[in-house]
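Welcome to this guided tour. Open your viewer, get ready to select residues by number, and follow along stop by stop.

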Amino acid sequence: MLLKTFGWSFAITALGLVAAVFYGGWQAFGVVAILSVLEISLSFDNAVINAGILKKMSAFWQKIFLTVGVLIAVFGMRLVFPVVIVAVSAKLGPIEAIDLSFNNPDRYKELVTDAHPSIAAFGGMFLLMIFLDFIFEDRDIQWLRWIERPLAKLGKVDMLSVCVALIVLLISAMTFATQAHQHGGGHADKAETVLLSGIAGLITYLVVGGLSGFFENKLEEEEEREHEAEEEARKTGKPASAVVLAGKAAFFMFLYLEVLDASFSFDGVIGAFAITNEIVLMALGLGIGAMYVRSLTVYLVRQGTLDDYVYLEHGAHYAIGALSVILLVTIQYEINELITGSVGVILIAWSFWSSVRRNKAIAAAGGDGGDSSDSKAEVPSGV
């Protein structure tokens, strides 16, 4: 069962890691491994959400999502999108960007280094919004309650996450301008670039969120119509047809899943720039990670066991928040890529350990695990 579900992921992992060694030695091997773990950890909640929607779809649409969807997710968002980001930021054509990365790595690295402030500002803001919207939301299950409870109360203020993100962006741009001025003003004009790129990241997040909400509403409308049709069929004694679910509703589910997957993949792609600027290593690491996300989705649909680790979603979002801060800091200062990658892994591991402790405490108390964070059976959060 495990080999059948994860077989392709294991094979792609082996091929990707071998390719990394041939491309850049053992250091490249380490970078690709870190990127793979980072992508899996950041997209774990994506797999959980995908599974919850995918199990409602017909077998045909499940296959469409797991085949056509893989092409879009792996080759579109994880392989093409990083090239597009570099090309736009460095003002290159996509083909030229790829050609430079292979044939003139020194020039490519120079262009990417020059473009890094705009990439970091765009990505930092996008990731920061994901984290802020999560941390300001009042939820039943809380991990680090001493942080999440007061922030959830503050989150009742409208547009607070946008305001906080803009304040952080202004501080980042002003700090960059101040540092540039102190060093002779050679890069003072890039402070404006940082500001504009950060605003672009914020707008991108809002647009993606809007599209996700649109498709979610469409999905709910179609499911409501399907439910009404089933009720009518019961009253008249006619058999309920599954055509509607396999048609319009399933199509909207597919579109909604693809928008969600694109939005989740943004954090992995953008976060990868905090670890490496090399397109080849980025594509290998994110491609491996994306395959595991798809395999996890299938596994969740068939088994449903990983839903029990309720703090993993929290850990993934804290990792996103840490990456956003790291990206914004790297606008001005260099941070070792091993530190960047390790932060996310540590937070995910911590949240997993907290989930295991919670499950053991609930089992010892005879609970069913379906209660909120205020349950007496639940172990205190990972503090």
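**Stop 1: helix H6**

Start on the outside by selecting Trp-146 and Lys-153, two exposed residues on the face of H6 turned away from its buried side. Exposed means over 50% relative accessible area, buried means under 20%, and partly exposed lies in between (1.4 Å probe, protein chains only). Now turn the helix, which covers residues 145–154, and pick out Arg-145, Glu-148 and Ala-152, which are buried. Looking down the axis of H6, you will find these buried residues within an arc of 70 degrees, so they line one face of the helix. The arc is taken from the directions that lead from the helix axis to the C-beta atoms. There is a general reason for such patterns: an α-helix has 3.6 residues a turn, so residues three or four places apart point the same way.

A word on what you are viewing: this is a predicted model, where local features need pLDDT of at least 70, side-chain atom pairs count only at pLDDT 80 or more, and totals for chains, interfaces and linings use all residues. Residues are numbered from 1 along each chain as its sequence is written, and side-chain values use heavy atoms, with hydrogens and water left out.

**Stop 2: the whole protein**

Zoom out and colour by secondary structure: the protein has 12 helices and 0 strands. Helices (H or I, at least four residues) and strands (E, at least two) are DSSP runs, numbered from the N terminus. Of the 383 residues, 49% count as buried. Among contacts with a separation of 6 or more, 81% are between residues 24 or more positions apart; contact means heavy atoms within 4.5 Å.

**Stop 3: helix H4**

Select residues 94–103, which form H4, and highlight the buried Ala-97, Leu-100 and Ser-101. Down the axis of H4, these buried residues fall within an arc of 100 degrees, so they line one face of the helix. Which residues are exposed on the other side of H4? They are Ile-95 and Asn-103.

**Stop 4: the cavity beside H5 and H6**

Next, select Phe-134, Ile-135, Glu-137, Arg-139, Gln-142, Glu-148 and Ala-152, which line the largest cavity. H5 and H6 are the elements that give two or more residues to this lining. You may recognise Glu-148 and Ala-152 from the buried residues of H6. The volume of the cavity is about 30 Å³, and a search of the whole structure finds 1 cavity of 30 Å³ or more. Its lining divides into 3 nonpolar, 1 polar and 3 charged residues. Here Ala, Val, Leu, Ile, Met, Phe, Trp, Tyr, Cys and Pro count as nonpolar, Asp, Glu, Lys and Arg as charged, and the others, Gly among them, as polar.

On a 1 Å grid over the protein atoms alone, a cavity is a set of points where a 1.4 Å probe fits but cannot get out, while a pocket is an open set with protein on both sides within 12 Å along at least five of seven lines; lining residues have an atom within 4 Å of a point. Grid points are joined across faces, edges and corners, and a volume is the space filled by probe spheres set on the points.

**Stop 5: the second largest pocket**

Select Trp-8, Ser-9, Val-70, Met-291 and Arg-294, which lie nearest the centre of the second largest pocket, among its 24 lining residues. Helices H1 (2–42), H3 (59–89) and H10 (279–302) are the elements that give two or more residues to this lining. H10 gives the largest share, 10 residues. The pocket holds about 650 Å³ of space, and its lining divides into 14 nonpolar, 7 polar and 3 charged residues.

**Stop 6: the nonpolar cores**

Finish with Leu-127, Leu-132, Phe-273, Tyr-318 and Ile-331, which have the most contacts inside the largest nonpolar core, a set of 74 residues. Helix H5 (residues 105–135) gives the most to this core, with 16 residues. A second, separate core of 7 residues includes Ile-53, Met-57, Phe-254 and Leu-257. A nonpolar core is a set of buried Ala, Val, Leu, Ile, Met, Phe, Trp, Tyr and Cys residues joined through side-chain atoms within 4.5 Å.

Centre your view on Phe-273, in the loop between helix H9 (243–272) and H10. Phe-273 counts as buried, at 3% relative accessibility. Its contacts, leaving aside neighbours within four places in sequence, include Pro-82, Ile-85 and His-116.
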